[in-house]
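Good morning, and thank you for making time for this presentation. I would ask you to look at the sequence and the structure together while I speak.

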Amino acid sequence: EESAMELGGEQGRWEEERLKTASLSFGAKKERELGMRHEQDKYQLILEEEEMIDFVSTAITMKGTQADKDQEEPSLSQAEQKKQSMQEVRRSLPIFAYREDLLSAIQQHQILVIEGETGSGKTTQIPQYLLETGYSEGGMKIGCTQPRRVAAMSVAARVAQEMGVKLGNEVGYSIRFEDCTSERTVLKYMTDGMLLREFLTEPDLASYSVVIIDEAHERTLHTDILFGLIKDIARFRPDLKVLVASATLDTERFSCFFDDAPVFRIPGRRFPVDIFYTKAPEADYLEACVVSVLQIHVTQSPGDVLVFLTGQEEIETCCELLQERCRRLGSKIAELLVLPIYANLPSDMQAKIFSPTPPGARKVVVATNIAETSLTIDGIIYVIDPGFCKQKSYNARTGMESLIVTPCSRASANQRAGRAGRVAAGKCFRLYTAWAFKHEMEESTVPEIQRTNLGNVVLLLKSLGINDLIHFDFMDPPPHETLVLALEQLYALGALNHLGELTKLGRRMAELPVDPMLSKMILASEQYKCSEEVLTIAAMLSVNNSIFYRPKDKMVHADNARMNFVVPGGDHLVLLNVYTQWMESGFSTQWCYENFIQFRSMRRARDVREQLEGLMDRIEVEVVSSPEDSVPIRKAVTAGYFYHTSRLSKGGYKTVKHQQTVYTHPNSSLFEELPRWLIYHELVFTTKEFMRQVIEIDSAWLLEVAPHYYKSKELEDSSSKKMPRKQGKAKEELG
Ligand code: CDP
Ligand code: MG
């Protein structure tokens, strides 16, 4: 059974195991007392929240222009041909054989759980089958949720193409800050968060005939909340069909939660995948990835390679290393196309991922775990899995949320391996030991609801009139202290009263599709008469860290360009300055290029800003400007983020409430200034706890904006005259 494989120069690096076709069974023969020695600290990176978003926008533009072209040129035969081949592809999907059975099961049951291998056609086909069967009669909508905005957009584009309609007409999508639907839309793809928000305007989802909760296995916070709400409304809306679609994971639990709803299984068409483990743990998984790709390229038969990494920075490094080594090997090896998938990637690069590999060459796609279940790339035969992913974690005591690189779950690893067996028998190389797989990985990923801040969701549920959150029908309840902390924070922000009921302010806050603190900041700008500026800051903060462009070969120029934007007071004001100057340039691309600013991020900030500005009417905030003085702006920031206050102390800063030591991020405009009091936008862990996006405040403002949260005693300066020695010492240490 066990065969050692020779790959390139490294003999017997791998242990082989065969992944059974139908059921995934592992069971390592040789167990080793070796742990995963991955130097985790080194890999603690920060997730770009908007990761991948641009990638899909361009994919859609691309597809859009293709469709437009077809319409322009009335070469009927060609268009007809294309449509036909599209129909052929549809009929070739595994789900097609079950079309009638599936439709009749849906007819018979109000709630149905649907399980099927990734790529079997659940997301793209089921809604179309429903449309073809008349579920949209009378203008009723079919809604399908996706945990990732990327997936919602790309799937909608694909389905519009299959149906030969323009995206945004019959088929559309809705994601935060972007609504691509119209009056005519009957098939609506959307993020789970967007459907959740629809409950605010339509508590019984009356305009929907079918709701599909897709990718249910991902168990995102919003999907979990949807489970509870939809189960509830299904009771008094017997005409509403509910479909819970999931990869082959955990479907019994869904069935159980939905009062033993039947499970419809779509048998997968899957080729066997051989699994290889490293014999010893890898100290540097990035390096191991590079070596493995080259080994595959040199020794293995044709077929493309998919590498799973955790984020953009890693992906870039990996691609650079690969290209560099290929250059050195020159004509000694066949052509290797190295293609990354991450957010700020030029569109021509993105198109390449889906275009077929030229004969004689091999394609390597280096992706985040978007390629795990949400996105299918054809032609993959080899998968390289370092076994890591980036995960949100939450400390309910301090209320601190962070993103850290952690080992992925066994379920995830199996999904990744499965990507190798879609078109032919494949191979999956795991950069960890069989022992680690068995003993060090969690069985499945902990649902997001148990490791995130709940402020947003609690505010939303409260505005839906759900007051008793403890008894909400959670599939897996959140930790009690997390729930309590969310309630406390909302109370401190003034969104809830002492009875835990929604206040008028809370109701207005819930109208904005942003986190409660950001919402509060925007609402506070009304009082300080600076909503114009605060809206810009809110938009810039929500595009998150991808404003400044810093290419490796022009770092000095980039840093100088960045310095030119610095204004006194802090990073929020620097962001405001960047946006204002860009606006004055007429939103110019050239201007961005010259100033080392990412145009895509700016464009997105502009979109977000427009959306937010459009909502100001509804929450009755007048859009006015305070261009001369930064104090009102900084007070508005303080009104939202007073939770995030830190005070200068020996060697760094200490958070006021929890006395945790934190540091100004080296990229901050206040890195060298060390003001006594700071408000930070977020905390991130890399080498230490850094505050990212900080602004200088006066401690007296805290009493002004949050008198029920801060006591003046807490805010007394530790460097008051009573303790002259301490002050001297602090100064000394700070140089
Ligand atoms: O949802 P599920 O994973 O079961 O499958 P799907 O997303 O409906 O994909 C069915 C087929 O459509 C696959 O062969 C995908 O490659 C293809 N597809 C595509 O070409 N472009 C997309 N944006 C989405 C799916
Ligand atoms: Mg799907």
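Which residues are the closest to ligand 1, and how many surround it? The model is a predicted one, and in it 15 residues surround the ligand, the closest being Lys 122, Thr 123, Thr 124, Arg 158 and Thr 376. Helix 4, residues 122-132, and helix 5, residues 149-163, each contribute at least two residues to this shell. Helix 4 gives the most, namely four residues. Sorted by class, the shell consists of 10 polar, three charged and two nonpolar residues.

Allow me to place this in the protein as a whole. The protein has 735 residues, of which 47% count as buried. Its secondary structure comprises 26 helices and 23 strands. Among contacts between residues at least 6 apart in sequence, 74% join residues at least 24 apart.

I turn now to an annotated region. An unreviewed UniProt entry lists residues 103-267 as "domain: Helicase ATP-binding". In the model, the chain over residues 103-267 is 39% helix and 25% strand. The C-alpha atoms at the two ends of that stretch are 16 Å apart.

Next, strand 3, residues 111-116. Is this strand mostly covered or mostly open? It is mostly covered, with six of its six residues buried. On one side, Ile 111, Val 113 and Glu 115 are buried; on the other, Leu 112, Ile 114 and Gly 116 are buried as well.

Which strands does strand 3 pair with? Five bridges join strand 3 to strand 9, residues 241-246, and the two run parallel. Four bridges join strand 3 to strand 10, residues 263-266, again in a parallel arrangement. Val 113 serves as a convenient reference point: this residue stands opposite Val 244 in strand 9 and opposite Val 263 in strand 10.

My last topic is the nonpolar interior. In soluble globular proteins, nonpolar side chains tend to be buried together. Here the largest nonpolar core holds 187 residues, and the members that touch the most others are Ala 156, Val 307, Met 521 and Ala 538. The largest share of this core, nine residues, comes from helix 5. Helix 5 thus appears twice in this account, as it also supplies at least two residues of the shell around ligand 1.

What does Val 307 touch, leaving aside residues up to four places away in sequence? Its partners are Cys 289, Val 293, Cys 318, Val 364, Val 366, Ala 367 and Ile 384.

Thank you for your attention.

Conventions: Residues are numbered from 1 along each chain as its sequence is written. Chains are lettered from A and ligands numbered from 1 in the order in which they are written. This is a predicted model: local features need pLDDT of at least 70, side-chain atom pairs count only at pLDDT 80 or more; totals for chains, interfaces and linings use all residues. A residue is near a molecule or strand if its C-beta atom, placed from the backbone, lies within 6 Å of it. Ala, Val, Leu, Ile, Met, Phe, Trp, Tyr, Cys and Pro count as nonpolar, Asp, Glu, Lys and Arg as charged, and the others, Gly among them, as polar. A residue is buried if 20 or more other C-beta atoms lie within 10 Å of its own, exposed if 12 or fewer, and partly exposed in between; C-beta atoms are placed from the backbone. Two strands pair if DSSP finds at least two bridges between them. UniProt positions are given in the numbering used here, feature names are shortened, and annotations may be inferred rather than shown by experiment. A nonpolar core is a set of buried Ala, Val, Leu, Ile, Met, Phe, Trp, Tyr and Cys residues joined through C-beta atoms within 7 Å. Two residues are in contact if their C-beta atoms, placed from the backbone, lie within 7 Å.
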